[in-house]
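Welcome, and please have your viewer ready. This short tour suggests what to select, stop by stop, and tells you what is there.

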Amino acid sequence: MSDFWTLSCEAGVDPRIKFALGIIATRFNEKLTVRDLTKSLGVSGSHFRYLFRKETGVTFQNFLREARLRAAAQRLLDDELSIKEIALSIGYRHVSNFNRDFSRRFNITPSRYRARRDGLE
């Protein structure tokens, strides 16, 4: 998967996808849907999904999830917020979903990830 900033700066990337990447970069912690973006872009949901996958190599949902998990990983290292507070701050409504997604993505639980920072593991 490509990074937001790399894709949003590339000359050949569809401007509608650049716009969507900008929205994801600034509002990933909000409830974002394809419908929210397609209203602004004036394209159908199916066309947006096609364009997004063509330009990024992944689905909108997977890209959004990755953005959230990367932000969470950084916050687990930098912030003293609880895991629940971090999960909620990046757009997850249920901590169990966050824990599952984080563990799948990084092959370690959020608490163990943080424990490594603290030298406890």
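A nonpolar core is a set of buried Ala, Val, Leu, Ile, Met, Phe, Trp, Tyr and Cys residues joined through side-chain atoms within 4.5 Å. Keep in mind as you look around that this is a predicted model.

**Stop 1: the core**

Which residues have the most contacts inside the largest nonpolar core? Select I24, F48, F52, F60, F98 and F102 to see them; the core as a whole has 34 residues. Now colour the helices that give two or more residues to this core: α2 (15–27), α3 (34–41), α4 (45–56), α5, α6 (83–89) and α7 (95–106). Of these elements, α5 gives the most, with nine residues.

**Stop 2: around F98**

Centre the view on F98, one of the residues with the most contacts inside the core. Leaving aside residues up to four places away in sequence, F98 touches L69, A72, I83, A87, I90, Y92 and P110. Show those side chains together with F98 and you have its surroundings on screen.

**Stop 3: a pair within α5**

Next, select helix α5, which runs over residues 60–78. Within this helix, find R70 and E66, whose side chains meet in a salt bridge with N and O 2.9 Å apart. The two residues are four apart in the sequence, about one turn of the helix. Is each partner buried or exposed? E66 is buried, because its relative accessible area is 9% and the cut-off for buried is under 20%. R70, at 39%, counts as partly exposed.

**Stop 4: more charged pairs**

Side chains of opposite charge can pair when their charged atoms come close. How many salt bridges does the structure hold? The total is six, so there are other places to visit.

Start with D14 and R16, where the closest N and O atoms of the salt bridge are 2.8 Å apart. Here D14 is buried, with a relative accessible area of 13%, while R16 is partly exposed at 30%.

Then move to E30 and R27, which form a salt bridge at 2.9 Å from N to O. E30 is partly exposed, with 35% relative accessibility, and R27 is partly exposed too, with 31%.

**Stop 5: a network**

Finally, select R65, R100 and D101 together. What links these residues? They are joined in a network of salt bridges.

Note on methods:
Residues numbered from 1 in each chain as written. Predicted model: local features only at pLDDT ≥ 70, side-chain atom pairs only at ≥ 80, totals over all residues. Heavy atoms only, no water. Salt bridge = Lys/Arg side-chain N within 4 Å of Asp/Glu carboxyl O. Buried < 20%, exposed > 50% of the residue type's maximum accessible area, 1.4 Å probe, protein only. Contact = heavy atoms within 4.5 Å.
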